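Colleague: Please take a close look at a single part of this model and go through its surroundings. Then set that part against the rest of the chain, with the cut-offs stated.

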Amino acid sequence: MHGTVKFFAALREAVGRSQVEWELAEGATVETLIAHLQGTVPGLASWAGRAWIAVNRRYAASDTRLHDGDEVALFPPVSGG
């Protein structure tokens with residue numbers, strides 16, 4: 001199965017692009033995808049454990065299963081008041 005990962009704000013700057021395509025085996029989870037991306041997308045490793053994750057525009061946990069065609073978005077942590 002395959003899909004797209006979009007990077008936003010400081011994450012986009014860190015990896016040097018706004019999106020990448022992914023391809024993983026059936027049954028993969030968000031955690032599987034993040035591990036895959038850490039090995040293939042330079043600049044992501046330092047953000048991977050802190051990023052907010054959404055799958056198809058809904059916030060998702062690391063154990064969320066992915067499906068063919070899913071759009072995953074990664075956002076840097078936000079703080080402020």
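Modeller: Leaving out residues up to four places away in sequence, W22 touches M1, H2, G3, T4, V5, L33, L66, H67, D70 and V72, where a contact means heavy atoms within 4.5 Å. This is a predicted model, in which local features need pLDDT of at least 70 and side-chain atom pairs count only at pLDDT 80 or more, while totals for chains, interfaces and linings use all residues. Residues are numbered from 1 along each chain as its sequence is written, and side-chain values use heavy atoms, with hydrogens and water left out.

W22 is part of strand β2; strands are DSSP runs of E with at least two residues, helices are runs of H or I with at least four, and both are numbered from the N terminus. With a relative accessible area of 2%, W22 is buried. The cut-offs are under 20% for buried and over 50% for exposed, with partly exposed in between, using a 1.4 Å probe and protein chains only. The C-alpha atoms of W22 and D68 are 10.0 Å apart, although 46 residues separate the two in sequence.

Two of the residues that W22 touches, L66 and V72, are also named among the residues with the most contacts inside the largest nonpolar core, together with V5, F7, L37, L44 and L74. That core has 23 residues. Two or more residues come from each of β1, α1, β2 (19-23), α2 (30-40), β3 and β5 (71-75). Helix α2 gives the largest share, four residues. A core of this kind is a set of buried Ala, Val, Leu, Ile, Met, Phe, Trp, Tyr and Cys residues joined through side-chain atoms within 4.5 Å. With neighbours within four places in sequence set aside, L37 is in contact with V5, V20, L44 and L74.

Helix α2 also holds V30 and T32. V30 is buried at a relative accessible area of 1%, whereas T32 is partly exposed at 36%. Beyond four places in sequence, V30 touches I53, V55, A60, A61, S62, T64 and L66. One of these, V55, has its C-alpha atom 8.5 Å from that of V30, with the two positions 25 residues apart along the chain. T32 and T64 are 32 residues apart in sequence, and their C-alpha atoms are separated by 9.8 Å. L66 thus appears in the contact list of V30 and in that of W22.

Helix α1 includes A10, which is partly exposed at 29% relative accessibility. Apart from residues up to four places away, A10 touches W47 and P76. A10 and E21 are eleven residues apart along the chain, and 19 Å separates their C-alpha atoms.

Two loop residues have unusual backbone angles. Most residues other than glycine have a negative phi. A9, which is not a glycine, has a positive phi of about 55°. A9 sits in the loop between β1 (2-7) and α1 (10-15) and is partly exposed, at 38% relative accessible area. N56 likewise has a positive phi, near 55°, and belongs to the loop between β3 (52-55) and β4 (58-59). N56 is partly exposed at 40% relative accessibility.

As for the whole chain, the protein has two helices and five strands, in the order β-α-β-α-β-β-β along the sequence. Its C-alpha atoms fill a box of roughly 40 × 25 × 15 Å along the principal axes. The radius of gyration is 12 Å, which agrees with the value near 12 Å for a compact globule of 81 residues; this radius is taken over C-alpha atoms, and the globule rule is 2.2 Å times the number of residues to the power 0.38. Of the 81 residues, 37% are buried. Counting contacts between residues at least 6 apart in sequence, 57% join residues at least 24 apart.

The accessible surface comes to about 4900 Å², and carbon and sulfur atoms account for 49% of that surface. Areas come from the Shrake-Rupley method with a 1.4 Å probe, and for residues only the protein chains shown count as cover. The 7 positive and 9 negative charges have mean positions 8 Å apart. Lys and Arg count as positive and Asp and Glu as negative, with His and the chain ends not counted; each charge is placed at NZ of Lys, CZ of Arg, CG of Asp or CD of Glu.
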